[in-house]
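The following paragraphs introduce a protein structure to a reader who has not met it before. Please keep the sequence and the model in view while reading.

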Amino acid sequence: MSLAVPKVELHLHLEGAAPPEVIRSIAGRKHVDLGPIFDDDGAYSFIDFPDFLRVYEQATTVLQTPEDFAQVTRAVLEESVANGVIYTEVFLSPDFCGGGDLGAWREYLAAIAEAAAQAERVHGIVMRGVVTCIRHFGPDRAKPIARCAAETAGEFIVGFGIAGNETVCAPRDFAWSFDMAREAGLGLTAHAGEWAGPQSVRDALTDLGVSRIGHGVRAVEDPALVDHLAETGVVLEICPGSNIALGLYADWPQHPIERLRAAGVKLTVSTDDPPFFHTTMAWEYKRLADAFGWDEAAFRDINRVAAKAAFCDAATRDRILKQLENAA
Ligand code: ADE
Ligand code: ZN
């Protein structure tokens, strides 16, 4: 079976996808000492989720200019293209692009969007941005981030989300920010049900009104919630390799993605922060095929679900759906 199907990815953090070589080369150019964040093979090195967040944020400190983010965008999209990705929604964090200042954010965004447009011209890949606030930075810092999102909503910025440490604060603390993003017409997604249980998913749905959940895998611990997700068509952005690398599940056969799929939950497959987790989209597909016997038709379904759940405009979505259809 060929897994070279065209792929739609909905959950990818721009900084988290930065290849370690790119981070090292920018650090070298700027003479920044990043400290011990790489292992002997040059890969990112961390021991658990809080340590992952620490290393992630430390690596991000070298990205100090719009051109740095453009360089990362080019590298990330090249990797996506090599994996057969035709549409990707990428989490962009104004916290790391000018600290939430709207003027600075516009400059970073222009550089990222231009790199994306160039990749589309050369490779055909379509990228859209989902502005993301960071939960452990707290609700007050999320407000200017929501403003950055609302003020730049349009063809490229299509969504608003929240990432970071799910064990601090509560979704309702960020309701003001999500209301602002919703009023600007943005699609909404929240990381939930990764490091906290089913109630966290319920709270994100009820208090933030999101149509998609980042991860959401721990919904499987509550059958009534699984039924609710299946009935309402909430889409999970599942990143199995991330969950396994971070120790949420011991191995691929233990991952709940197949149980959620069998229960009729709409789900998609993404990589989250691929170099951190030694994964790629092609690798995720291979491991899912090995663990659960998913065939080409199953992956085509997943990609159709993802295209329909994408936050882009209708014309772009139709174009992506047509590309998926033509490849079938
Ligand atoms: N930011 C980047 N990756 C993340 C993850 N897996 N969970 C929460 N926040 C993140
Ligand atoms: Zn994520």
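Which atom of aspartate 272 lies 2.7 Å from a nitrogen atom of ligand 1? In this predicted model, the partner of that nitrogen atom is a polar side-chain atom of aspartate 272. A polar contact is here a pair of N or O atoms within 3.5 Å. Glutamate 194 likewise places a polar side-chain atom 2.7 Å from a nitrogen atom of ligand 1, while a polar backbone atom of glycine 164 is 2.9 Å from a nitrogen atom of the ligand. Of the 260 Å² of accessible area that ligand 1 has on its own, the protein covers 98%; such areas come from the Shrake-Rupley method with a 1.4 Å probe. The residues around ligand 1, each with a heavy atom within 4 Å of it, include Phe49, Phe52, Tyr56 and His215.

Aspartate 272 also takes part in the site of the zinc ion (ligand 2), which is coordinated by His11 (NE2), His13 (NE2), His191 (NE2) and Asp272 (OD) at 2.1 to 2.2 Å. Donors are N, O and S atoms within 2.8 Å of the metal (3.2 Å for Na, K and Ca), and water is not among the atoms, so sites may look incomplete. The angles among the four donor atoms run from 88 to 172°, and the site is irregular. Four donors count as tetrahedral if all angles lie between 85 and 135 degrees, and as square planar if opposite donors are over 155 degrees apart and all others between 65 and 115; anything else is irregular.

In sequence, the donor residues follow the spacing H-x1-H-x177-H-x80-D. Histidine 11, in strand β1 (residues 7-13), and aspartate 272, in the loop between β8 (266-269) and α11 (281-292), are 261 residues apart and link distant parts of the chain. Both histidine 11 and aspartate 272 are buried, that is, under 20% relative accessible area with a 1.4 Å probe and protein chains only.

The protein as a whole has 13 helices and eight strands, which are DSSP runs of at least four residues (H or I) and at least two (E), respectively. Its radius of gyration is 18 Å, close to the 20 Å that the globule rule gives for 328 residues, so the protein is as compact as a globular protein of that length. The radius is taken over C-alpha atoms, and the rule is 2.2 Å times the number of residues to the power 0.38. Of the 328 residues, 58% count as buried.

Residues are numbered from 1 along each chain as its sequence is written, and chains are lettered from A and ligands numbered from 1 in the order in which they are written. Local features need pLDDT of at least 70, side-chain atom pairs count only at pLDDT 80 or more, and totals for chains, interfaces and linings use all residues, while side-chain values use heavy atoms, with hydrogens and water left out.

Methods
Four donors count as tetrahedral if all angles lie between 85 and 135 degrees; four count as square planar and six as octahedral if opposite donors are over 155 degrees apart and all others between 65 and 115; anything else is irregular. Buried means under 20% relative accessible area, exposed over 50%, partly exposed in between (1.4 Å probe, protein chains only). A polar contact is a pair of N or O atoms within 3.5 Å; within protein, one must be able to donate a hydrogen and the other to accept it, and residues adjacent in sequence count only if both atoms are side-chain atoms.
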